[in-house]
Amino acid sequence: MNIGIDIDGVLTNDDEYLLDYTSKYCYENNLSGFSDASLYEYSKYNWDEDTINDYRKKYFVNYCKNVPARRFASEIIKKLRKDGHKIFIITGRHKTANNGKINNSNIRKCTLRWLRKNKIEYDKAIFTLPPKVNEVIENKIDLMIEDTPVTINELAKVVKVLYYDTPYNKNIENENITRVFSWYDIYMKIKNME
């Protein structure tokens, strides 16, 4: 099988990082905090684009370089490759689709270094913008592992999706998607599909 894997929210727990660091940013900038932590990314806040970009300048590169991979992600991906599956990292991470920079750090290069540092094996890395549908079709992806609600709904029209359980995607229902809770859960569900 060709398996597509998202980074943020799937290989990482970006929501936990975001809650911690956006709260710190609110405190530092005398902004009110979030009213609903279960919303996706910056929709937790009533921030304009300038505020989001200022937050990213202060904390996004640190996230890209230092957030740990989810427990057992590397181990399970190695097992999947050993089982004969091909792994495609398909990310819509900010500033990677256009190979852009934040504070003179190239986010695509930071991402590739992070994958190496965390021993995430893959056959191909694809940097794009959501919803990733064209990339899934072009690369003949059989299964996508994703967390973003809008992206999940679009991907489910063309491919089976395992969606990583998060507070912001609790209400998604579609016959082409299956909720997963950990990397070993992902592995067991993939084995059941074979």
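His85 sits in the loop between α3 (73-82) and β2 (86-91), where helices (H or I, at least four residues) and strands (E, at least two) are DSSP runs numbered from the N terminus. The model is predicted: local features need pLDDT of at least 70, side-chain atom pairs count only at pLDDT 80 or more, and totals for chains, interfaces and linings use all residues. Residues are numbered from 1 along each chain as its sequence is written, and side-chain values use heavy atoms, with hydrogens and water left out.

## Loop residues that are buried

With a relative accessible area of 7%, His85 is buried; the term means under 20% relative accessible area, while exposed means over 50% and partly exposed lies in between (1.4 Å probe, protein chains only). The His85 side chain reaches the backbone nitrogen of Met1 at 3.2 Å. Not counting residues up to four places away in sequence, His85 touches Met1, Ile3, Leu80, Asp123, Ile190 and Glu194; a contact here is heavy atoms within 4.5 Å.

Val10 belongs to the loop between β1 (2-5) and α1, and at 0% relative accessibility it counts as buried. Where does the chain come back to Val10? The C-alpha atoms of Val10 and Glu146 are separated by 6.3 Å, although the two are 136 residues apart along the chain. Beyond four places in sequence, the contacts of Val10 are Ile5, Arg70, Ile145, Glu146, Asp147, Tyr164 and Trp183.

Thr96 is found in the loop between β2 and β3 (101-102) and is buried, with a relative accessible area of 0%. Leaving out residues up to four places away in sequence, it touches Thr91, Ile107, Arg108, Thr111 and Phe127.

## The nonpolar cores

In soluble globular proteins, nonpolar side chains tend to be buried together. Here a nonpolar core is a set of buried Ala, Val, Leu, Ile, Met, Phe, Trp, Tyr and Cys residues joined through side-chain atoms within 4.5 Å. The largest one has 41 residues, and Ile5, Leu11 and Trp183 have the most contacts inside it. Helix α2 gives the most to this core, with seven residues. Apart from it lies another core, of 15 residues, including Ile126, Ile141, Met144 and Ile152.

Leu11 has a long list of partners outside its neighbours within four places in sequence, among them Ile5, Pro68, Ile77, Ile89, Trp114 and Trp183. Trp183 also appears in helix α7 (residues 183-193), whose buried residues are Trp183, Asp185, Ile186, Tyr187 and Ile190. What covers these buried residues of α7 includes β1, α3, β6 (143-146), β7 (160-164) and β8 (177-180).

## Pockets

Pockets were searched on a 1 Å grid over the protein atoms alone: a pocket is an open set of points with protein on both sides within 12 Å along at least five of seven lines, a cavity is a set where a 1.4 Å probe fits but cannot get out, and lining residues have an atom within 4 Å of a point. Grid points are joined across faces, edges and corners, and a volume is the space filled by probe spheres set on the points. For the lining, Ala, Val, Leu, Ile, Met, Phe, Trp, Tyr, Cys and Pro count as nonpolar, Asp, Glu, Lys and Arg as charged, and the others, Gly among them, as polar.

| Pocket | Volume | Lining residues by class |
|---|---|---|
| Largest | About 450 Å³ | eight nonpolar, five polar, nine charged |
| Second largest | About 170 Å³ | four nonpolar, one polar, three charged |

Which residues are closest to the centre of the largest pocket? Of the 22 that line it, they are Asp8, Tyr40, Glu41, Gly92 and His94. Both α1 (14-28) and α2 (49-66) supply at least two residues of this lining, and the largest share, four residues, comes from α2. The second largest pocket is lined by Asn13, Glu16, Tyr17, Val67, Pro68, Ala69, Arg70 and Arg71.

## Backbone geometry to check

Most residues other than glycine have a negative phi, and most peptide bonds are trans. Asn30, in the loop between α1 and α2, has a positive phi of about 55° although it is not a glycine; it is exposed, with a relative accessible area of 74%. Lys119, in the loop between α4 (107-117) and β5, has a positive phi near 55° and counts as exposed at 55% relative accessibility.

The peptide bond from Pro130 to Pro131 is cis, with omega near 15°. Pro131 lies in the loop between β5 (124-127) and α5 (133-138).

Notes: Polar contact = N/O pair within 3.5 Å; in protein donor to acceptor, adjacent residues only side chain to side chain.
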